[in-house]
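Dear colleague,

I am handing over the structure below, and my notes on it follow. Please read them with the model open.

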Amino acid sequence: MSVYFTIKSILVVLGLLGSFGFFFIRSCRLIQLMTRMLGSNTIPLDRLSERVKIFFKEVMLQSRVREKRFPGLAHTLIFFGFIAVMPHTIEIMLAGIFPGFSFASIAPGTYRLYAFLADILALLVLLGLAYCVYRRLILKPKYLTNGLDSRLILLFTAIIIVSFFSVNAFRIALNQQTLQDLTRYYVISNPIAGFLGLEHLTRQELIIGLEASYWIHLAVILYFLVYIPGSKHLHILAAIPNVILAPLETPKPMVKTDLEDDTIESFGLGKIDELNWQNVLNLYACTECGRCEEQCPADMTGKPLSPKAVVVDMKDDLIQQSSGNEDTIKPIVRDGSPITEDVIWSCTTCRACESICPLHIQHLDFILEIRKSLVMMESRFPEELQETFTNLEYQFNPWGFAPETRAQWCRGLDVALMSDHPEARILYFVGCAGSFDERGKTVARAIVNLLKKADLDFAILGPEERCTGDAARRAGNEYLAQQLIQANWETINSYRPAKILTGCPHCYNTLKNEYPQFGAMPEVLHHTDFFADLIQNKRLKPNGNLEEIITVHDSCYLCRWNDMIDAPRKILDSIVGLQIREMDRIGRKGLCCGAGGSRMFMEEKIGKRINLERVQEVVATNAETIVAACPFCNTMLNDGVKETASAIAVKDIAEILDLATDSS
Amino acid sequence: MEKVGILIEFKDDKIKKTNYGVITLARQQGCELYALVLNGNAAACKEQLQQYGIKKVIDIASKEGPLQWHPVKWARAVVAAMDHFGITTLCGLTSAQGKELLPRIAADLDAPLVMDCTDVVLNERAAKKSQFSGKTVATIKVNGNHFIFGIRPNAIEKQPDPCEAEVIPFQTTVDKEALVVKEIKLQTHTGIDLTEADIIISGGRGMQKPENFAILFECAQVIGAAVGASRAAVDAGWAPHSMQVGQTGATVSPKVYIACGISGSVQHFAGMKTAGLIVAVNTDPEANITKNCDYYIVADLFEIVPILSRQLKLVVGENHLT
């Protein structure tokens with residue numbers, strides 16, 4: 001017997017050394033790969049206390065994972081249980097080397113509590129696993145990658161837990177010294193031992209059973225350790241730093257590419273080695289849960305884009321090309337690559353993927369930067385964008401209207417130009433749609449009416465205004481975008497208004513979150529927030545009675561890019577007679593209209609049209625009116641309504657408020 | 001006398017009318033004209049070319065016969081012909097083919113190139129082109145040994161000046177190692193090119209179904225118009241994308257644009273706002289297009305368009321405009 005235990009000690013030591021060594025080497029390689037990237041990024045360790053809070057909330061308490069109820073609950077059970085069995089695993093690893101070792105001798109009281117908790121939590125793991133098996137074998141949701149990798153991981157986890165119980169059960173049956181007063185704390189293992197009738201076995205048989213359980217438990221754990229770095233279970237390691245280092249705020253600017261630096265030879269993301277370390281950490285962290293794919297408007301309407309697939313394919317490309325050097329690494333979008341131009345251009349930049357990702361993966365950082373590379377380095381973009389680019393370049397609006405006619409929409413409305421009234425406190429940034437689109441013009445007029453009803457001192461830029469650059473920037477034309485941004489920024493700053501009011505979420509997002517990259521900016525407000533405040537401050541008093549059943553469409557650039565969900569509902573609540581009937585997909589989980597990310601200016605050739613998908617949902621509410629707060633959404637919804645031949649009216653929130661508000 | 005080559009373009013083996021404007025431009029400046037024909041149709045188009053004062057038609061071919069369309073080979077063949085006949089200036093059209101060919105020829109000759117000219121004074125090497133959507137006109141003077149000008153189609157009024165032409169065969173060798181054309185995909189579409197049409201009649205969602213486009217084609221045929229469609233009609237599958245007018249389709253500037261059953265979203269308007277005259281037929285008096293057109297008929301297009309066809313037939317007779 002003692003010979004066996006000597007051999008066992010040696011084998012355990014070798015096993016541990018081998019497994020941990022291999023794990024260490026593979027992990028080091030992954031870290032090394034991160035540091036070899038050409039892109040630079042600082043380590044975002046600002047606001048530490050908030051990050052610590054996020055660690056407890058999202059990692060330890062799994063709050064974000066549980067936003068998807070049952071899978072989240074299952075994950076939480078597995079997560080807690082797995083952590084709970086770890087000390088036990090370490091204990092028996094050490095006991096393998098030093099027979100008879102137990103933490104119980106160090107702190108018996110704590111150990112009893114631990115034994116009690118670990119036993120229960122381990123059982124809950126099996127419950128979680130059962131749900132996972134049910135989900136993968138019976139439910140089989142389309143967005144879930146259901147390959148060998150995920151099944152192996154479930155199997156390993158199940159074996160580890162089952163063998164945890166059997167090790168305990170045999171130890172109880174053997175009445176091992178250290179367990180004598182512990183038996184009753186093993187509230188699960190003890191009944192298992194009884195249920196299996198282990199007390200009827202001989203001591204010899206029990207020892208064989210214990211040793212067999214031990215080896216199965218240890219072998220699977222050691223193999224699991226080696227398996228992790230090469231599998232999607234890498235998220236066990238990468239998720240924690242990824243969550244802690246993730247952006248703390250929802251609003252974020254696109255990367256500002258330095259176009260002045262002569263030494264930069266490539267713009268955007270053309271090759272996988274141009275990522276920065278945090279992008280790579282994002283790729284490592286992905287656990288292929290598919291929540292992003294489930295939310296993605298492109299995927300659900302039959303486009304080739306799945307945000308999950310982009311991340312997984314990027315990770316595969318990274319690993320495959322990791323042995324290459326700068327000269328041999330091939331472009332990300334190339335013949336045979338699963339990341340095709342259609343994938344990249346299908347994105348509406350709605351951020352549904354990022355906003356749902358439990359691990360804060362920033363999918364758009366990849367997609368938008370790849371667009372930039374395609375456009376700026378290779379002039380590869382959907383041909384219909386050419387017209388938009390040319391118009392933006394020469395006429396400063398996407399449709400090619402003469403810039404000097406930009407203020408014609410407000411003829412007869414007595415709206416001052418900033419050039420005539422430079423001391424105006426509020427600059428109303430009308431935007432291209434408000435200036436040129438007939439539908440947009442009616443919204444712009446409603447906004448002007450409301451500003452006048454609230455007796456506010458405002459002016460517009462008129463011919464001095466240009467497109468904010470959103471369309472060009474999200475279509476990858478950073479150069480054109482920066483030209484527009486620079487010119488607008490200089491104009492705005494020559495007047496220095498106290499506030500900028502926008503009538504378009506795209507203008508709002510760009511002015512608010514991206515212009516500060518070019519210099520200080522006044523406060524920027526979108527009209528929903530602005531009017532909601534005016535109502536609250538009693539500057540606007542909606543007094544009309546609108547008997548209407550209404551449903552709210554959230555613009556992506558408000559609800560997901562800027563966390564603005566309540567404002568339109570507050571405004572509607574203030575109007576007597578309106579009855580809000582919400583759709584299923586609203587707020588952070590709202591469905592895009594299909595126009596974001598410059599998709600407004602591209603053809604939607606593949607799959608079902610996104611606006612139709614959305615409008616069918618609207619129709620199902622039986623609402624009479626759908627309210628949006630974005631000229632692009634208005635256009636897309638309007639087109640969709642016509643296609644479904646329904647009688648739903650598409651209105652901007654400003655139009656409704658204007659209708660319900662008399663002049664004071 | 002300056003020797004000027006005119007690159008003759010064809011569509012479906014028929015000489016394009018827009019060539020005559022280019023010929024007229026060079027002829028009126030007293031140049032010695034060489035019409036360069038590469039597709040083997042030199043003899044066939046001699047009659048038409050001599051109506052506009054062409055005396056020499058150069059039939060450029062390889063040993064094997066006429067040259068198949070191939071931008072690299074054609075460019076080299078034109079350069080060889082220019083060299084052989086001592087042609088220093090080449091005028092062509094700023095068309096799809098011209099955009100493909102003229103820059104290649106300019107590159108081969110290391111010659112200055114001005115595209116989209118609205119006028120050229122050949123002996124001063126000065127070309128005019130409009131900029132910033134027609135708000136300014138730039139005069140561009142170029143220096144060099146050879147000069148290449150791409151003329152904007154229809155920019156110069158054609159004027160006949162009949163004479164007698166001869167066809168001069170010119171054989172050139174073309175190397176085989178140039179780009180290999182794997183496949184030529186032809187877009188099927190009927191009728192006249194949207195971007196070159198003087199009159200366009202377009203249908204939108206109001207057309208209701210694909211078959212109804214027939215009444216537009218019928219009307220278009222009477223007046224030699226092209227038929228367009230709005231994005232809504234194209235998305236619904238009633239018309240091919242090649243017919244789409246608008247932000248993501250063709251940008252057109254015909255003399256007359258007739259919009260039938262089109263509400264006129266900004267995306268559509270962007271593609272036809274430079275039309276000389278816009279006429280809209282729509283049942284909705286509130287449609288956006290009412291704010292952006294010269295004439296507006298609140299009526300069912302299925303009533304109006306047939307009436308229009310009938311009336312136009314009476315005016316132009318049974319002879320179709322060409």
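A crossing is left-handed if the near helix is turned anticlockwise from the far one by less than a right angle, and right-handed if clockwise. In this predicted model, helix 4 of chain A passes helix 5 of chain A in just such a left-handed crossing.

Helix 4 covers residues 108–139 of chain A and helix 5 covers residues 148–173 of chain A; their axes come within 10 Å and cross at roughly 155°. Since angles over 145 degrees count as roughly antiparallel, helix 4 of chain A is therefore roughly antiparallel to helix 5 of chain A. On the helix 4 side, the contact is formed by Ala122(A), Val125(A), Leu126(A), Leu129(A), Cys132(A), Val133(A) and Arg136(A). Facing them in helix 5 of chain A are Ser150(A), Leu154(A), Thr157(A), Ala158(A), Ile161(A), Phe164(A) and Phe165(A). By class, this contact of helix 4 with helix 5 of chain A holds 11 nonpolar residues, two polar and one charged.

Another helix pair in chain A is helix 1 (residues 2–35) with helix 3 (residues 69–97), whose axes are 7 Å apart at an angle of about 130°. That angle makes helix 1 of chain A oblique to helix 3 of chain A. Here Lys8(A), Ser9(A), Val12(A), Val13(A) and Leu16(A) of helix 1 meet Met93(A), Gly96(A) and Ile97(A) of helix 3. The contact of helix 1 with helix 3 of chain A has five nonpolar, two polar and one charged residues.

On to the domains. Chain A is divided into domain 1 (2–245), domain 2 (272–378), domain 3 (385–533) and domain 4 (539–660). The C-alpha centres of domain 3 and domain 4 of chain A are separated by 22 Å. In their contact, 32 residues belong to domain 3 of chain A and 28 residues to domain 4 of chain A. Which helix gives the largest share of the domain 3 side that touches domain 4 of chain A? Helix 18 of chain A does, with nine residues. By class, that side of domain 3 of chain A has 15 nonpolar, 12 polar and five charged residues.

Helix 18 of chain A also packs with helix 27 (residues 653–660) of chain A: the axes come within 8 Å and cross at roughly 45°. Helix 18 of chain A is thus oblique to helix 27 of chain A, and their crossing is left-handed. Helix 18 of chain A contributes Thr442(A), Val443(A), Ala446(A), Ile447(A), Asn449(A) and Leu450(A), while helix 27 of chain A contributes Ala654(A), Glu655(A), Leu657(A) and Asp658(A). The contact of helix 18 with helix 27 of chain A has six nonpolar, two polar and two charged residues.

Chain B is divided into domain 1 (3–171) and domain 2 (194–316), with C-alpha centres 34 Å apart. The contact between the chains takes 13 residues from chain B and 18 residues from chain A. On the chain B side, helix 6 (231–235) and helix 7 (266–272) of chain B are the elements that give two or more residues. That side of chain B divides into four nonpolar, six polar and three charged residues.

As for confidence, the model scores ipTM 0.81 and pTM 0.82. Chain B averages a pLDDT of 89, and 95% of its residues score at least 70. Among the elements of chain B, the lowest mean pLDDT (84) belongs to strand 6 (residues 65–66) and the highest (96) to strand 16 (residues 256–260).

Regards

Definitions and conventions
Residues are numbered from 1 along each chain as its sequence is written. Chains are lettered from A and ligands numbered from 1 in the order in which they are written. This is a predicted model: local features need pLDDT of at least 70, side-chain atom pairs count only at pLDDT 80 or more; totals for chains, interfaces and linings use all residues. Axes are lines fitted to C-alpha atoms, for helices over the stretch in contact, and angles run from 0 to 180 degrees between N-to-C directions. Helices (H or I, at least four residues) and strands (E, at least two) are DSSP runs, numbered from the N terminus. Angles under 35 degrees count as roughly parallel, over 145 as roughly antiparallel, 65 to 115 as roughly perpendicular and the rest as oblique. Two residues are in contact if their C-beta atoms, placed from the backbone, lie within 7 Å. Ala, Val, Leu, Ile, Met, Phe, Trp, Tyr, Cys and Pro count as nonpolar, Asp, Glu, Lys and Arg as charged, and the others, Gly among them, as polar. Domain bounds come from an automatic or database domain assignment. pLDDT is the predictor's confidence in each residue, from 0 to 100.
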